[in-house]
Amino acid sequence: MYDDILLPTDGSESMDAVVDHAADIAARRDATVHALYVVDDRSFLTLQEGMKSDVVAGLREEGETATTEVASRLESEGVTVRTAIRKGNPADEVLDYIDEAGIDLVVMGTHGADYERNMLGSVSQKVVTMSAVPVLTVNISERD
């Protein structure tokens, strides 16, 4: 049922629980996990081209580190991993990747019911709403 699982990552430490869930599901089903990092370049549209490419290059490097760390962790648990880095609107890129890679399940973090963080809409909310496949959201809100 779940042969290909998408794990969008932002490289933060709060992703640990999300990676744990994806690893557990993938290991039980001998599934491949696709670790995806999206460079959100929308906020850099007003920068001069030279500055924009420097910032985007730095974020791409951050994405390579993030996907490599996720892949290493999953592979140590015997899970097959593919990594990808894209540039654009994160929610749109996740939705496009679902279709292009034949994803069966998305496992992603969410900040839960934190109104201030979610009032403008989050990536996970858009993916949950628009995805043609099931989406497992893992609450990554910091707890006191």
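Two strands count as paired if DSSP finds at least two bridges between them. Keep that in mind as you explore this predicted model.

**Stop 1: a pair of strands.** Select β1 (4-8) and β2 (32-39). They run parallel, and 5 bridges join them. Now click on Leu7: across from it, in β2, stands Ala35.

**Stop 2: the whole sheet.** Add the other strands. You should have an open sheet of 5 strands, with parallel pairing, in the order β3-β2-β1-β4-β5. Look at the edges, where you'll find β3 (80-87) and β5 (135-139). Each has a single partner strand, so one side of each has no neighbour in the sheet. On average, neighbouring strands are turned by 25° against each other, ignoring direction.

**Stop 3: helices on the sheet.** Select α1 (16-29). This helix lies across β1, β2, β4 and β5, and it runs at about 160° to β4. Next, try α3 (residues 90-101), which packs on the sheet and touches β1, β2, β3 and β4. The direction of α3 makes about 150° with that of β2.

**Stop 4: the cores.** Which residues touch the most other members of the largest nonpolar core? Select Ile5, Leu7, Val18, Val33, Leu74 and Val107 to see them; the core has 22 residues. Helix α1 gives the most to this core, with 6 residues. Zoom in on Ile5: beyond its neighbours within four places in sequence, its contacts include Ala22, Ile25, Val33 and Val107. Finally, pick out Leu6, Leu36, Tyr97 and Met108, which are among the 14 residues of a second, separate core.

Note on methods
Residues numbered from 1 in each chain as written. Predicted model: local features only at pLDDT ≥ 70, side-chain atom pairs only at ≥ 80, totals over all residues. Heavy atoms only, no water. Core = buried A, V, L, I, M, F, W, Y, C linked by side-chain atoms within 4.5 Å. Buried < 20%, exposed > 50% of the residue type's maximum accessible area, 1.4 Å probe, protein only. Helix = DSSP H or I, 4+ residues; strand = E, 2+ residues; numbered from the N terminus. Contact = heavy atoms within 4.5 Å. Axes fitted to C-alpha atoms, helices over the stretch in contact; angles between N-to-C directions.
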